[in-house]
Amino acid sequence: MLKWSDEATAELKKVPSFVRGMAKRAVEDQVTRSGRSEITAQDVRDGRKRHISFAEDKEGPKKTKIEIVRCETVSEVCPGVACLKAFNERHSHFESYGDDTEIIGIFTCGGCPGRRVSRMVEKLVDHGLDVVHLSSCIMLEGDYPKCPHRKQIKKNIESKGVRVIEGTHH
Ligand code: SF4
């Protein structure tokens, strides 16, 4: 049974929350392989440097971070290519963004009435989320009807302090 020293636990808390679980597992594997039973702060620093630093945000100018929410029903027949193409080529609802912009997540709403959205947005706020785009499949009438829950979904996202743009590629 591995024991975490207090210093090691404190060191682990310095790792950003979104990679902390990964860091913990990497450190425990590393110490187990070395045949020791107590984890030190130095183990955490070593493990973080070796296994996690690639995933941590580097210091630098803040980028605009975007997330796309898609309709769960439509996602059965749509791989999301048009949304990503519109972002990559900066057209339609993405045309005002510069190079200092990145998509940090794409997820489906979780099915009517969009129960997954609030929880996923909350997680992404921890990663600096600025803007959510509701995909065009949520907003437009076509092979599928407009999402009847779109107004509430938008309100829920905005209540987390995140801007909402209605649409992606149309
Ligand atoms: S809540 Fe709206 S976006 Fe989500 S599955 Fe239902 S219709 Fe689609």
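What percentage of the 170 residues of the chain count as buried? In this predicted model, the share that counts as buried is 25%, and that is a useful figure to keep in mind while the whole chain is on screen.

**The whole chain**

Begin with the cartoon of the full chain, in which seven helices and six strands can be picked out. Followed along the sequence, these elements come in the order β-α-α-β-α-β-α-β-α-β-α-α-β. The radius of gyration is 20 Å, well over the 15 Å that the globule rule gives for 170 residues, so the chain is more spread out than a compact globule. If you align the view with the principal axes, the C-alpha atoms fill a box of roughly 60 × 35 × 30 Å. Should you switch on a contact map, consider the contacts between residues at least 6 apart in sequence: 78% of these join residues at least 24 apart.

**S5 and the start of α1**

Next select S5, which sits in the loop between β1 (3-4) and α1. Having 14 other C-beta atoms within 10 Å, a count that lies between the limits of 12 for exposed and 20 for buried, S5 is partly exposed. Leaving aside residues up to four places away in sequence, S5 touches E38, I39, T40 and A41. For one of these, I39, the C-alpha to C-alpha distance from S5 is 6.0 Å, although the two residues are 34 apart in sequence.

**The pair α1 and α3**

From S5, extend the selection to helix α1 (residues 6-13) and add helix α3 (residues 41-52); their axes are 7 Å apart and meet at an angle of about 30°. Because angles under 35 degrees count as roughly parallel, α1 and α3 are described as roughly parallel to each other. To view the contact itself, show E7, A8, E11 and L12 on the α1 side together with A41, D43, V44 and R45 on the α3 side. The residues of this contact divide into four nonpolar, no polar and four charged.

**Around the ligand**

Now centre the view on the ligand and display the residues that surround it: C71, E72, T73, C109, G111, C112, P113, G114, I138, C147 and H149. Sorted by class, this shell has six nonpolar, four polar and one charged residues.

Within the shell, pick T73, found in the loop between β3 (64-70) and α4 (81-88). T73 counts as partly exposed, with 16 C-beta neighbours inside 10 Å. A distance monitor from T73 to T101 should read 28 Å between C-alpha atoms, for a separation of 28 residues along the chain.

Then move to P113, in the loop between β4 (101-108) and α5 (117-125). The peptide bond that joins C112 and P113 is cis, with omega about 5°.

**Two unusual backbone angles**

Most residues other than glycine have a negative phi, and most peptide bonds are trans. With that in mind, finish in the loop between α4 and β4, where R90 lies and where S92 is found as well. R90 has a positive phi of about 50° although it is not a glycine, and S92, likewise not a glycine, has a positive phi of about 55°. Which count of C-beta neighbours inside 10 Å goes with R90? The count for R90 is 14, and R90 is therefore classed as partly exposed. S92 is partly exposed too, with 17 other C-beta atoms within 10 Å.

Definitions and conventions
Residues numbered from 1 in each chain as written. Predicted model: local features only at pLDDT ≥ 70, side-chain atom pairs only at ≥ 80, totals over all residues. Helix = DSSP H or I, 4+ residues; strand = E, 2+ residues; numbered from the N terminus. Axes fitted to C-alpha atoms, helices over the stretch in contact; angles between N-to-C directions. Parallel < 35°, antiparallel > 145°, perpendicular 65-115°, else oblique. Contact = placed C-beta atoms within 7 Å. Nonpolar A, V, L, I, M, F, W, Y, C, P; charged D, E, K, R; others polar. Near = placed C-beta within 6 Å. Rg over C-alpha atoms; globule rule 2.2 N^0.38 Å.
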